[in-house]
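Visitor: I would like a close look at a single part of this structure. Please start with one short helix and then show me what else is built around it and elsewhere in the two chains.

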Amino acid sequence: MEVSLPQVLPGKAPPRKKPVLVLGLGNDILCDDAVGLKVAREIRQHLSDSDGIEVQETAEMGLSLLDYIVGFEDLVLVDAVQTRQAPPGFLHEFDDGELQVLPIVSPHFLGVGETVALARQLGLPVPRRIKIFAVEVKDPFTVGVCLTPPLRRVLRSIASRVLAAARQLAGDRIWLPSY
Amino acid sequence: MNPDTAKVWNEASSRANAAAHAQRRRVTIDPVTRLEGHGKIDIFLDDQGDVERAYLQIPELRGFEVFSLGRPAEDMPQITSRICGVCPTAHHMAATKALDDLYQVEPPPAARKIRELVYNTFMMEDHALHVYILGGPDFIVGPQAPPEQRNVVGVIEKVGIEVGRKVISMRRRLRELIAYFGGKVIHPVLGLPGGVSKGLKPEDLPPFQELAKDTLDFALFTLQVFKDIVLKNPDYVKLITSDTYTHRTYYMGLVDAHNQVNFYDGLVRVVDPNGREYAKFPARQYRDFVAEHVEPWSYVKFCFLKPLGWHGFEEGPQSSVYAVAPLARLNVTEGMPTPLAQKAYEEFFNTLGGKPVHHTLANHWARVVEMICAAERMVGLLNDPEIVSANLRVIPTAKPAVGVGVVEAPRGTLYHHYETDGRGLITKANLIVATQNNAARIAMSVEKAAKGLIKKGSVSEGLLNMVEMAFRAYDPCFGCATHSLPGHLPLCVSIFDRERNLLRQLVQPVSLKPGGRAEARAAGKR
């Protein structure tokens with residue numbers, strides 16, 4: 001995964017060529033943890049410049065996400081999750097507003113909700129609409145580069161659902177009045 | 001064996017088995033749930049309703065050694081930096097140093113200085129993130145603040161939006177320096193056996209010198225913030241020095257030839273609970289001093305000082321438990337290598353009653369002292385004419401066999417140990433990460449906090465926070481899985497009575513789906 005670091009200074013939005021960002025998150029050598037990255041790669045193959053959708057992947061989290069998301073108007077995040085309350089391959093779907101800012105910050109970590117809340121507080125131009133897809137995974141703890149079979153089976157269908165959501169965000173924009 | 005003897009034997013054996021079984025039942029380690037990635041604390045009460053034992057479970061990474069076998073040793077700086085999204089630079093540098101050792105090659109001075117520069121920059125960035133964002137809710141917002149304010153938004157409200165912007169901007173610029181050399185911050189490609197892959201062009205030097213100067217100002221500013229908010233508040237100071245957060249253990253950290261702090265290189269020094277030198281050894285001898293103890297209730301391996309033997313989770317003279325991380329590093333040194341850090345270091349020990357300091361929460365302050373040291377090192381290195389030298393590599397020629405590298409990760413001493421065949425393909429790989437070094441002391445801290453807060457069956461409402469504070473000061477890594485939503489570490493505390501019935505369970509729930517609240521048990525990240 002090769003991504004260059006965009007230049008971001010507080011209060012300044014880096015120039016973004018496209019309004020919508022699909023950002024795949026994950027660790028590419030931790031088995032199912034990489035599912036977000038693989039979905040992003042799958043989606044990239046089906047996009048053209050005219051779609052207005054940029055696709056990126058990153059192994060970073062927390063504050064580092066700001067480097068990727070600042071300046072985009074809309075954001076679609078794809079990540080792994082393990083709730084054990086849904087079968088592996090299940091796609092959880094939720095919006096920005098449903099992410100809680102937890103009362104206690106955990107060691108090392110800043111969640112997506114907290115990162116976005118912090119950015120808004122500091123006046124950084126973060127995406128207005130955020131859609132989050134979390135793929136229920138089976139094994140995110142073993143070092144390895146292959147997805148488990150239940151995830152391999154649904155990778156394409158997940159990618160097409162995520163892509164449809166991104167296209168809808170991109171398409172909506174055309175009809176938004178621009179005052 | 002005659003029938004009578006056999007009967008006695010069998011009875012004794014079945015009693016022993018039953019006892020062992022009962023012992024095991026007291027704690028619930030579900031082989032499935034243990035990998036959920038949250039901090040899981042089980043607390044067991046005795047007849048009086050006081051805490052008998054408390055256990056902390058931390059998830060761990062699997063399969064690293066298997067994954068490494070047969071791969072070229074030169075790939076290890078890339079592979080190991082990928083296993084952890086928190087400390088990529090620390091793993092990258094420890095692996096690079098292990099390769100120097102493997103090929104018996106010493107990098108040229110400029111290469112060493114570039115590595116040190118990148119490493120101190122990383123240390124600065126990571127420490128700043130912890131002081132302001134991650135540890136901030138404990139001290140900047142305050143341990144007694146209402147839960148809804150104890151988050152990053154509360155921190156910014158307390159220090160001001162301008163300071164918040166400054167933190168974000170500093171972080172950005174520090175990462176640009178790391179990216180200049182490593183290509184990427186998250187997966188750097190800088191270290192090679194015997195040198196580095198990229199040098200510093202003279203024309204690129206001025207902006208980095210400017211950055212180093214700003215970084216030092218920022219570190220000194222941070223010390224002032226810490227003094228104003230934390231040290232001027234008698235309640236915080238009381239909390240830092242309270243017995244609940246104090247353990248008299250050994251300490252371990254890297255020192256240079258003058259026994260001063262060095263994050264990148266040196267000898268490993270260990271001091272005893274009275275602050276006297278117990279051992280000093282090169283990385284290659286780590287296995288003579290570090291051993292791992294296994295408990296039946298945990299999959300975590302608890303490091304201890306091998307020559308002393310394992311004496312349990314004990315502190316004081318009979319202890320063989322040691323700690324790493326900022327406080328440990330200050331305890332093992334005889335001073336800081338730079339003047340302003342030295343001043344802050346002296347103030348630290350004068351205020352806290354001399355060396356060694358055994359208060360776990362003093363780690364937060366020690367971290368600020370180290371920020372000043374890292375910033376001063378950046379200034380020093382960027383004003384060293386040799387930093388722009390083009391002599392960056394000594395090509396290795398020795399036949400590889402064994403390589404051990406050590407660095408001080410922000411969270412403490414990190415060992416990488418590889419063995420290879422004659423072609424340099426990995427036959428064995430072992431890592432000892434900071435949190436393993438600290439594991440026994442973290443377990444002790446959690447138990448002590450629980451014992452201090454639960455009396456006669458009455459469970460204090462602030463328990464979750466106070467227990468969390470005990471281990472957050474260590475800044476532990478909970479597994480290296482960096483990415484699974486929601487990215488929080490939902491701490492789950494279960495309290496059991498003497499019959500092992502669940503009395504209470506305190507969890508931080510995370511809503512995942514509209515309409516339905518699912519307890520998120522996502523992999524701990526960062």
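Guide: A residue is called buried if 20 or more other C-beta atoms lie within 10 Å of its own. Keep in mind that this is a predicted model.

With that cut-off, take helix α7 of chain B, which covers residues 152-159. Its buried residues are Val152(B), Gly154(B), Val155(B) and Ile156(B). The cover over these residues includes parts of both chains: α3 (112-121) of chain A, and α5 (109-134), α6 (136-141) and α8 (161-182) of chain B. Just after α7(B) comes Gly160(B), which has a positive phi, near 100°.

Chain A, which supplies α3 to that cover, has four helices and five strands. Along the sequence they follow the pattern β-α-β-α-β-β-α-β-α. Of its 179 residues, 53% count as buried. Among contacts in chain A with a separation of 6 or more, 79% are between residues 24 or more positions apart.

One strand of chain A shows what burial can look like. Strand β5 (residues 129-136) of chain A has seven of its eight residues buried, so the rest of the structure largely encloses it. Strand β3 (residues 74-81) of chain A runs parallel to β5(A), and eight bridges join the two. In this pairing, Ala80(A) stands opposite Val135(A) of β5(A). Strand β4 (residues 91-95) of chain A pairs with β5(A) in the antiparallel sense, over five bridges. Here Glu93(A) stands opposite Phe133(A) of β5(A). Both kinds of pairing, parallel and antiparallel, are made through backbone hydrogen bonds.

Chain B, the home of α7(B), has 16 helices and 17 strands. Its 526 residues include 54% that are buried. Of the contacts in chain B between residues at least 6 apart in sequence, 71% join residues at least 24 apart.

A single residue gives an example of such a long reach. Met371(B) lies in helix α14 (residues 363-382) of chain B. Met371(B) counts as buried because 29 other C-beta atoms lie within 10 Å. Its C-alpha atom is separated by 8.5 Å from that of Glu125(B), although these positions lie 246 residues apart along the chain in numbering terms. Neighbours within four places in sequence aside, the contacts of Met371(B) are Met124(B), His127(B), Ala128(B), Ala219(B) and Thr222(B).

Further along chain B is an open sheet of three strands in the order β11-β12-β13, with antiparallel pairing. Strands β11 (402-409) and β13 (426-432) of chain B form the edges, each pairing on one side only. On average, neighbouring strands of this sheet are turned by 10° against each other, direction ignored. Strand β12 (residues 412-420) of chain B pairs with β13(B) over six bridges. One residue of this pairing is His417(B), whose bridge partner in β13(B) is Asn430(B).

Two helices of chain B meet this sheet. Helix α4 (residues 88-102) of chain B packs on it and touches β11 and β12 of chain B, with its direction at about 150° to that of β11(B). Helix α15 (residues 434-453) of chain B lies across β11, β12 and β13 of chain B, and runs at about 125° to β12(B).

Conventions. Residues are numbered from 1 along each chain as its sequence is written. Chains are lettered from A and ligands numbered from 1 in the order in which they are written. This is a predicted model: local features need pLDDT of at least 70, side-chain atom pairs count only at pLDDT 80 or more; totals for chains, interfaces and linings use all residues. A residue is buried if 20 or more other C-beta atoms lie within 10 Å of its own, exposed if 12 or fewer, and partly exposed in between; C-beta atoms are placed from the backbone. Two residues are in contact if their C-beta atoms, placed from the backbone, lie within 7 Å. Two strands pair if DSSP finds at least two bridges between them. Axes are lines fitted to C-alpha atoms, for helices over the stretch in contact, and angles run from 0 to 180 degrees between N-to-C directions.
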